[in-house]
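Q: I am new to this structure and would like to learn how to read its features one at a time. Could we begin with the terms and then turn to the case at hand?

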Amino acid sequence: MQDSTARRRVHRVAQDDPLAQPLLAELALEYSNRYGGGVGEMHTALREHPATAFAAPDGALLVVTEDTVPVAGGAFQRYDAETAELKRIWTAREHRRRGLGQFVVEQLELEIARRGYRRVYLTTGWRQPEAVALYLATGYTARYDASVPAAQIGPHPFEKYLAAGEWGETA
């Protein structure tokens with residue numbers, strides 16, 4: 001349960017920043033549990049993603065803290081000249097069901113718009129119905145046939161076009 005006096009902050013961090021480590025560790029565990037493979041193998045794969053992909057001017061990695069505790073986060077990277085790709089949307093297990101995922105997506109979209117992107121693209125796994133629900137609830141359009149069984153689809157693609165007034169200047 002959130003302490004109503006907790007101070008929420010959004011941090012732009014590098015992939016190797018200590019604030020990002022709980023995000024990477026818990027995502028590795030989550031992916032391992034849902035898709036198989038070792039936790040260490042998943043963690044290595046997450047850490048080996050080029051850190052420059054989540055760095056300005058093309059991307060960012062955001063971590064949300066309450067007081068000093070990392071509770072949620074996410075990242076984006078360049079997909080193409082007008083499109084950012086969301087990656088690694090995460091909420092700490094003990095802080096779920098409080099709207100933090102939606103808050104992270106909103107914060108990422110603000111940063112994406114400031115960077116001048118007009119479209120947001122993402123994929124999420126077929127064993128992540130919570131993520132599918134989050135993206136649908138935040139205005140993303142599914143780019144797959146929902147009548148097909150999730151496992152047959154594989155990664156579920158989504159997109160969202162930002163409103164014209166949201167476009168920012170490229171950093």
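A: Helices, with at least four residues, and strands, with at least two, are DSSP runs that are numbered from the N terminus. Please keep in mind that this is a predicted model. With that naming in hand, Ser32 can be placed in helix H1.

Q: Is Ser32 buried or exposed?
A: A residue is called buried when its relative accessible area is under 20%. Ser32 has a relative accessible area of 11%, and therefore it counts as buried. Leaving aside the neighbours within four places in sequence, Ser32 is in contact with Gly37, Gly38, Val39 and Met42.

Q: How far apart are Ser32 and His43 in sequence and in space?
A: The two separations are read independently. Ser32 and His43 are eleven residues apart along the sequence, while their C-alpha atoms are 9.2 Å apart in space.

Q: In what order do the strands of the open sheet follow one another?
A: A sheet is read from strand to strand across its width, and here seven strands form an open sheet in the order E1-E2-E3-E4-E5-E7-E6, with mixed pairing. At the edges are E1 and strand E6 (141-142), each of which pairs on one side only.

Q: In which sense do the neighbouring strands pair, beginning with E1 and E2?
A: E1 and strand E2, residues 60-66, pair in the antiparallel sense over five bridges, and Arg8 stands opposite Glu66 in E2. Strand E3, residues 69-80, and E4 are also antiparallel, with seven bridges, and these two strands form a hairpin with two residues between them. Asp80 has Thr83 in E4 as its bridge partner. E4 and E5, by contrast, pair in the parallel sense over three bridges, and Glu85 stands opposite Tyr121 in E5.

Q: How many of the residues of E4 are buried?
A: Burial can be counted along a whole strand as well as for one residue, and E4 is mostly covered, since eight of its nine residues are buried.

Q: What can be said about His11 in strand E1?
A: His11 belongs to strand E1, residues 8-12, and it is buried because its relative accessible area is 14%. Its side chain is joined to that of Thr65 by a polar contact of 2.8 Å. Apart from neighbours within four places in sequence, the residues in contact with His11 are Leu19, Leu61, Leu62, Val63 and Thr65.

Q: With which side chain does the side chain of Glu159 make a polar contact?
A: Glu159, which lies in strand E7 (residues 156-161), makes a side-chain polar contact of 2.8 Å with Arg119. Glu159 is buried, with a relative accessible area of 11%, and its contacts beyond four places in sequence include Val120, Tyr121 and Tyr140.

Q: How is empty space found, and what volume has the largest pocket?
A: Rolling a probe the size of a water molecule over the atoms shows where empty space is left. The largest pocket here has a volume of about 1100 Å³.

Q: Which residues line the largest pocket nearest its centre?
A: The lining has 38 residues, and those nearest the centre are Ile89, Thr124, Gln128, Ala131 and Tyr135. The lining divides into 18 nonpolar, eleven polar and nine charged residues. Among the elements that each supply at least two residues are helix H1 (21-35), helix H2 (39-48) and helix H3 (100-114), while E4 gives the most, with seven residues.

Notes. Residues numbered from 1 in each chain as written. Predicted model: local features only at pLDDT ≥ 70, side-chain atom pairs only at ≥ 80, totals over all residues. Heavy atoms only, no water. Buried < 20%, exposed > 50% of the residue type's maximum accessible area, 1.4 Å probe, protein only. Polar contact = N/O pair within 3.5 Å; in protein donor to acceptor, adjacent residues only side chain to side chain. Contact = heavy atoms within 4.5 Å. 1 Å grid on protein atoms, 1.4 Å probe; cavity = no way out; pocket = protein on both sides within 12 Å on 5 of 7 lines; lining within 4 Å. Points joined across faces, edges and corners; volume = space filled by probe spheres on them. Nonpolar A, V, L, I, M, F, W, Y, C, P; charged D, E, K, R; others polar. Pairing = 2+ DSSP bridges.
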